[in-house]
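Biologist: I am new to this structure and would love a friendly tour. Could you show it to me before we start?

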Amino acid sequence: MANRLLGRATIKADGRTLLTKRGCTLDPGGVQRTAVVGSRSVHGFTGELIAPTLDCRITQTAEFGLEEIRSIEDATIVFEGDDGINYVISGAFSTTTPKLAEVEGEITAQFSGTSCDRA
């Protein structure tokens, strides 16, 4: 798989594959650094811990919709790349109120968690 690049991802929440559309974005979180600038030089930096986030668009079905997304908490969310690289968000929960669009039954959702690690 050395030449294979990420082109598609499968998103799973507690083992259940979500019907996501293309364009999911994963931010693994970690330390966000900010420069501390003095009047004559950069003194260094400070660090702020940022939680991991996953933004995605999900197609609503009769079995999986707004209520199911809204109720996700303390879940394990897996981002499986078709390049063979996977990430796991532990302690995951739905962060924003999911929004349903009439076009194609598309739900916009965001998830966060306590950590994100390469699996």
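Modeller: Before we talk about neighbours, one term: contact means heavy atoms within 4.5 Å. Please keep in mind that this is a predicted model.

Biologist: Good to know! Is Ile58 buried or exposed?

Modeller: Ile58 has its place in strand 6, which covers residues 53–59. Buried means under 20% relative accessible area. Ile58 has 0% relative accessibility, so Ile58 counts as buried.

Biologist: Which residues does Ile58 touch, not counting residues up to four places away in sequence?

Modeller: One of them is Ala109, 51 residues apart from Ile58 along the chain, with the two C-alpha atoms separated by 7.4 Å. The contacts of Ile58 are Leu18, Leu19, Thr20, Phe64, Ile69, Gly105, Glu106, Ile107, Ala109 and Phe111.

Biologist: How many nonpolar, polar and charged residues are in the lining of the largest pocket?

Modeller: The largest pocket has a volume of about 150 Å³. Its lining consists of Leu6, Gly7, Arg8, Ala9, Thr20, Lys21, Arg22, Gly23, Cys24 and Phe79. Gly counts as polar here. By class, that lining has four nonpolar, three polar and three charged residues.

Biologist: Cys24 caught my eye. How many disulfides are there?

Modeller: A disulfide is a covalent bond between the sulfur atoms of two cysteines. The sulfur of Cys24 is 4.7 Å from the closest cysteine sulfur, in Cys56, and that is too far for a bond. Cys116 is in no disulfide either, as the nearest cysteine sulfur, that of Cys24, is 13 Å away. With a cut-off of 2.5 Å between sulfur atoms, the count of disulfides is zero.

Key. Residues numbered from 1 in each chain as written. Predicted model: local features only at pLDDT ≥ 70, side-chain atom pairs only at ≥ 80, totals over all residues. Heavy atoms only, no water. Helix = DSSP H or I, 4+ residues; strand = E, 2+ residues; numbered from the N terminus. Buried < 20%, exposed > 50% of the residue type's maximum accessible area, 1.4 Å probe, protein only. 1 Å grid on protein atoms, 1.4 Å probe; cavity = no way out; pocket = protein on both sides within 12 Å on 5 of 7 lines; lining within 4 Å. Points joined across faces, edges and corners; volume = space filled by probe spheres on them.
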